[in-house]
Every structure is written in C-alpha cells, then in structure tokens.
Amino acid sequence: MITLKELSEKCGVSIATISNVINGKENVSEKTKKRVFDAVRETGYQPNFMASGLRSTKTKRIAVIAEEISAFSSPAIVEGIMSACEYAGYKPFLQNLRMYARNIFDNGEKFKEVVQDGIRLALAIKVDGIVFVAAHSRKVDVFPENLEVPGVVCYAHSASEKYPSVLFNDEKAASELVRHILSKGYKNIGMIMGERNSVHTERRIAGVRTALKEAGIELGDDRILFGLWRRETGFELAPEMIAKGVDAIFCGNDNIAAGVCDYLRDQRKVPGKDIGVCGFDGQEFASYMYPKLTTTKLPLLQIGGKAGELIIAQIKGESFDKKEYSVDCTFVEGKTI
C-alpha cells in the first residue's frame with residue numbers, strides 16, 4: 001500500500017497539499033485536485049483517519065454528499081438530514097461536490113468521477129452510511145453495487161434497486177394547485193415552464209392536465225411555453241401567453257411566477273385581479289411578494305429528515321420496504337389566484 005509521502009512525491013506536491021485535497025479544503029487549484037485524485041485512483045491510496053483497532057466498529061458517522069450546496073433545495077434538505085442524524089446520536093459529515101461551479105450538469109463520466117472521489121473520501125473516514133443529495137430531480141447512478149455501507153438518494157431517483165430514494169410528488173402537487181385555481185373560477189389556464197426535457201417540467205404538466213381533465217378542460221400544447229427556471233423567462237414569455245387569452249398562468253416555479261408578476265405590473269395590471277398567477281416550490285421570497293404569491297411549498301426539510309431516518313434504520317440492520325419514498329408538498333395560499 002502506497003504511503004502518504006510516496007503519494008506526495010508522485011504528485012509533486014507537499015504532504016499538506018495532499019491532506020487539503022483529501023479533506024475537501026478550498027485553497028487548492030482544480031488542476032492540483034485533479035492530479036491528486038487521479039493518483040489516488042491509480043494507486044488505491046486510502047487515508048488512515050482511524051486507528052486500525054477501530055476499523056471493525058461503528059463510528060456513528062454519516063456522510064452527506066451534496067451535488068451543489070448552492071442549489072435552492074440543498075440547504076434545507078441537508079439541515080433535515082443533519083437534524084435526524086444528530087437526534088439519533090450520529091455525527092453528519094458534509095461534502096459539497098460543487099457541480100455547478102465545475103459546470104457538470106449531466107450524469108457523464110466526469111460526474112461519476114467526482115462522485116466516486118466523494119464516496120472514496122467518505123469511506124476513508126469510516127462512515128457508517130452515505131446520503132447523496134441531488135441538486136435537481138432525475139435518475140442518478142451514484143453508488144457502486146458493492147458499496148460496503150448503506151446509501152440513500154435525496155431529491156432524485158436512484159438507478160439501483162439496492163439504494164432507496166426520498167423525493168416529492170410533482171404531479172400530485174401540481175394537480176392540487178390546479179384544483180385550487182379552478183375553485184376560484186378560472187377556466188382558461190396556460191403554463192410557463194422551465195426546460196422542456198426536465199423531469200419537473202414533465203411531471204408538473206402531467207399533474208396540471210390530470211386536474212383539468214377531471215374538470216372537462218383540455219390543455220393544448222399551444223398553451224404551454226418553455227424557457228429557463230429564471231425570473232427573466234416569466235417576464236419575457238408573459239406577453240405571448242397573455243395574448244392567447246388565458247385568465248390564469250401556472251408557472252413552473254416561483255422565479256418564473258415573479259417574472260410574470262413583474263410584467264403585469266409594468267403593464268399596470270394586478271396579479272390576482274386582472275390575471276391569476278401561481279408559482280411552485282415555495283421559496284422564501286414568494287411570501288414577501290406583493291400581492292403574496294400563491295404557490296406550493298416543497299417539503300425539503302422533511303425529505304432530508306426522512307432520508308436521515310432511512311439511513312440510520314439501515315445502519316441498524318433494518319431493511320427498507322419500498323424503492324422510493326415520497327413526501328407531500330404543502331399548498332400556500334396567496335393573493336395572486
């Protein structure tokens with residue numbers, strides 16, 4: 001087995017630099033990090049953070065590996081995981097993979113390489129389990145089939161039957177929101193969404209269509225516009241949607257809804273009076289909008305809490321009873337519908 005000194009000589013950097021890279025310190029260049037992790041993979045080096053006599057015992061440590069801690073959903077999910085862990089007497093260890101900063105948005109080879117480096121570090125400090133927190137919902141293949149500790153995936157679908165997922169039901173939440181819109185007398189509804197190929201987009205559209213169909217209303221493809229999950233999208237696409245004669249706009253998230261409201265105010269129109277607007281996600285800023293935005297709040301803290309409970313149960317030898325666990329969203333009544 002290669003030693004730390006031999007690894008530093010192979011990489012041409014100091015032992016301190018090797019330690020900083022392995023411990024996730026930010027004061028190291030991406031070029032140096034890559035050189036070190038390439039050498040770690042090539043040599044199979046394992047840091048000895050624990051005394052050898054403790055290797056066969058439980059450490060009561062749980063690794064939380066976040067794709068991107070700056071994603072709006074991640075902080076609350078991580079807080080939920082940490083709260084559940086600490087309540088049960090486990091010590092959470094957080095890694096931020098910084099996928100947005102690295103410009104890694106898919107599940108390709110670079111993604112797998114970065115994730116495996118994170119898992120390797122977690123195993124090196126002898127954690128009892130690993131929770132992976134995705135930055136956006138999709139199917140992810142993050143844990144190897146021979147992982148020696150339990151694993152749970154948050155906010156995304158696990159590609160492996162061996163590792164359960166905890167997430168929320170976009171479709172159900174969208175249907176409930178549309179039923180509320182219909183109860184207020186709106187009948188001609190259009191949608192402004194984010195990226196067309198997003199899982200969130202597909203499921204929220206499905207939920208809207210389900211609720212409208214129940215009311216005998218068809219949602220034509222021409223009443224759905226696509227853009228980005230940004231405020232600018234709502235502002236830019238609002239005039240096109242309004243020109244279609246809609247009386248309410250279902251927005252894919254709160255950012256888009258805020259942009260639609262910006263446009264309405266520019267046109268001296270009042271959201272909720274001249275045209276109905278709703279968002280999705282329940283971000284904090286939505287409660288400060290005027291009029292207050294009608295939306296649905298994602299159960300991010302609860303998703304994290306459930307994931308924490310699930311990983312601890314597995315560590316204790318309990319088996320999970322289903323592949324995916326879904327936590328319900330909460331309707332937030334505002335003044336824009």
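Two strands pair if DSSP finds at least two bridges between them; strands (E, at least two residues) and helices (H or I, at least four) are DSSP runs, numbered from the N terminus. This is a predicted model, in which local features need pLDDT of at least 70, side-chain atom pairs count only at pLDDT 80 or more, and totals for chains, interfaces and linings use all residues. Residues are numbered from 1 along each chain as its sequence is written, and side-chain values use heavy atoms, with hydrogens and water left out.

**Exercise 1. Work out how E8 and E9 are joined, then place them in their sheet.**

Step 1. Start at strand E8, residues 189–193: three bridges join E8 to E9, and the two run parallel.

Step 2. Look at Met 193, whose bridge partner in E9 is Phe 226.

Step 3. Now widen the view: the open sheet has four strands in the order E9-E8-E10-E11, with parallel pairing. Its edges are E9 (224–226) and E11 (276–278), each pairing on one side only.

**Exercise 2. Find what helix H8 packs on.**

Step 1. Select H8, residues 231–242, and list its contacts (heavy atoms within 4.5 Å). H8 touches E8, E9 and strand E10 (248–251) of the sheet.

Step 2. Compare directions, using lines fitted to C-alpha atoms (for helices over the stretch in contact) and N-to-C angles from 0 to 180 degrees. H8 makes about 150 degrees with E8.

**Exercise 3. Decide whether Cys 278 is bonded or free of disulfides, and buried or exposed.**

Step 1. A disulfide is a pair of cysteine sulfur atoms within 2.5 Å. The nearest cysteine sulfur to Cys 278, that of Cys 251, is 6.4 Å away, so Cys 278 is in no disulfide.

Step 2. Cys 278 has 0% relative accessibility and counts as buried, since buried means under 20% relative accessible area, exposed over 50% and partly exposed in between (1.4 Å probe, protein chains only).
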